[in-house]
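Me: I am new to reading protein models. Please take one small part of this one and walk me through it closely. Then show me how it sits in the rest of the chain.

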Amino acid sequence: MPVDVETTLVGFARALRAADLAVTADRTAAFVAAVAEVGADTRDGVYWAGRATLCSEPEDVAVYDKVFDAWFSGRLERGGRRGAPPVRVVPAAPLTGEGEGSGDGRSDVVRAVASDSEVLRHRDVAELSAAERAQMARLFAALPVTLPDRRAARRRPTGHGEMDARRTLREQMRRGGEVGPVRWRRRTTRPRRVVLLVDVSGSMSPYADALLRLAHRVLRSGMAGGGRVEVFTVGTRLTRLTPALRAHRDPEAALAAAGRLVPDWSGGTRLGEVLQAFADRWGQRGLARGAVLVVFSDGWERGDATQLGEQVQRLQRLSRRLVWVNPHRGKAGYLPVQQGITAVLPHVDDFVAGHSMAAFEHVLEVVRRA
C-alpha cells in the first residue's frame, strides 16, 4: 500500500479518536489491513473496512459516518498531518528465533522499534504458543488497576468544603461562648465494588486462562486498595472463585486452586440460566447493587436467548454499569450477529474487546471510569 494512502487512513483513525471513539492502535492496524484486502480505490470498500474495525458499539456508527464524510470529502482539518512522519503498522511477529532477516528490502520497511513485550501486547491470546503465553503471564503483574470510586456517606474534617456546624458549635462552647474558628468537612470516597463473571465454556476456553489471570490481578489490586472484587465463573454452572483467588498471592497457585473448584471447564453454555442464578442468589441480595459488573463472554448461547436478554437487563438495572467483554470484538470482520449477543447488546453500557493485553488495558480503563 502506498505510504500516502496509509497515512490518510491512519489520519482518519486519529480523527475518529479525536471525536471520542475508542480507536486503539490495534484497531487502526486492523483497519489498514482490511483496506489493503478490499482495496483503497473504492469509497464503499474503505467505509465498510473502517466501520467493521473502528466502531466499538452501535452508538459509534453515527459519529463514524459524520467523520468519514468530513475526512474523505476534505472538509475536516488535516493540519500537521503532512509534516508528520508516516506511521508504520507493526505486523504480528514471532517472539522467538528472531534472526538477522532474509536480506531483502522489505525487512527494513517492516522492522519496527518495538520490544517483544510491546508486540505481545497486541497479539490475540488464543493464537499464542506456550512460550508466548508464559511470557504474557508475567505482563499481568504490570497491568495498571484502579477501581472506580463512589461517594461515601460519611464525612471527615477538612480545611475546606461544607461547614461542620456541630464541630463549630462544640468549639465555641469549649471557648465559653467566644467566637472560634469555623470547622469544615467533606464527603469521602471509597472504591466501588467490582464483580467479574468469566465464561469458561468451550468456545471461551482459549481465553479462560488469561481472563482468570486478569481477574486475579484485579482482585489482588482491589484488596491492596481497600476495595472489594468478586469473581465468578459461568458456563453451565455458577462458581464463586473469590475465596480461592484471594487466598493466593501467586497467580499460578491461585489459578490451580480455582481450577479445582470449577466443574464445567470447556463445557456448554447456558448463560441465561446461570445469570439468573447469579441475580437470584447474589446480585439481588446486594452484590450487584451499585457495582460495576463485567461479563467476559462471546455470548454464544445454547439456551434461550430471550431469557439471556431478560437477565442481562435485570443485572443492568441493579448495577452501576454493565460492561460486556467479547474476545471476538477486537477482530477484523467481526459482527455482533450471534443470537445471544443481539439479545444482550441493548442492555449493556459498554461492549468492548478482550482478546489481547492491550484490550485488557482498555477494559481496565473502562472499569476505572465507570
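Reply: What follows starts at D164 and its surroundings, then moves out to other salt bridges, the cores and the whole chain.

Keep one thing in mind. This is a predicted model.

Start with the location. D164 lies in a loop, between strand β2 and helix α8, and α8 covers residues 165-174. Is D164 buried or exposed? D164 has a relative accessible area of 8%. The cut-off for buried is under 20%, so D164 counts as buried.

Now look at what D164 reaches. Its side chain comes to 3.3 Å from the backbone nitrogen of R167. The side chains of D164 and R167 also meet in a salt bridge, at 4.0 Å from N to O. So R167 is approached at its backbone and at its side chain. R167 is partly exposed, at 24% relative accessibility. The bridge therefore pairs a buried residue with a partly exposed one.

D164 has partners further along the chain too. Leaving out residues up to four places away in sequence, D164 touches R183, W184 and R185. Two of these names come back. R183 belongs to a network of salt bridges with E171, R174 and R175. W184 is part of a nonpolar surface patch with M163 and V182. Together, the three residues of the patch have about 260 Å² of accessible area.

M163 sits in strand β2, which spans residues 162-163. What is its exposure? M163 has a relative accessible area of 46%, so it is partly exposed. E162 forms a salt bridge with R155, and their closest N and O atoms are 3.3 Å apart. Both ends are partly exposed: R155 at 34% and E162 at 32%.

Compare a salt bridge elsewhere. The whole structure has 19 of them. One joins the side chains of D124 and K331, at 3.5 Å from N to O. D124 is in the loop between α6 and α7, while K331 is in the loop between β8 and α14, so this pair ties together parts 207 residues apart in sequence. D124 is buried, at 7%. K331 is partly exposed, at 29%.

Next, the interior. In soluble globular proteins, nonpolar side chains tend to be buried together. Here, the largest nonpolar core has 44 residues. L196, F296 and F360 have the most contacts inside this core. Several elements each supply at least two of its residues, including α7, β4, α9 and β5. Helix α9 gives the most, with nine residues.

Which residues does L196 contact, beyond its neighbours within four places in sequence? Among them are A215, V218, V229, V231, F232, V294 and F296. E230 is on the list as well. Another core of 27 residues lies apart from the largest one. L238, L318, Y334 and I341 are among its members.

Finally, step back to the full chain. There are 15 helices and nine strands. Of the 370 residues, 46% are buried. The chain exposes about 19000 Å², and carbon and sulfur atoms supply 50% of that area. Take the contacts between residues at least 6 apart in sequence: 72% of them join residues at least 24 apart. The bridge between D124 and K331 shows such a long reach in sequence.

Methods. Residues numbered from 1 in each chain as written. Predicted model: local features only at pLDDT ≥ 70, side-chain atom pairs only at ≥ 80, totals over all residues. Heavy atoms only, no water. Patch = residues over 30% accessible without salt bridge, like charges linked within 9 Å, V, L, I, M, F, W, Y side chains within 5 Å. Areas by Shrake-Rupley, 256 points an atom, 1.4 Å probe, with all protein chains shown as cover. Helix = DSSP H or I, 4+ residues; strand = E, 2+ residues; numbered from the N terminus. Buried < 20%, exposed > 50% of the residue type's maximum accessible area, 1.4 Å probe, protein only. Core = buried A, V, L, I, M, F, W, Y, C linked by side-chain atoms within 4.5 Å. Contact = heavy atoms within 4.5 Å. Polar contact = N/O pair within 3.5 Å; in protein donor to acceptor, adjacent residues only side chain to side chain.
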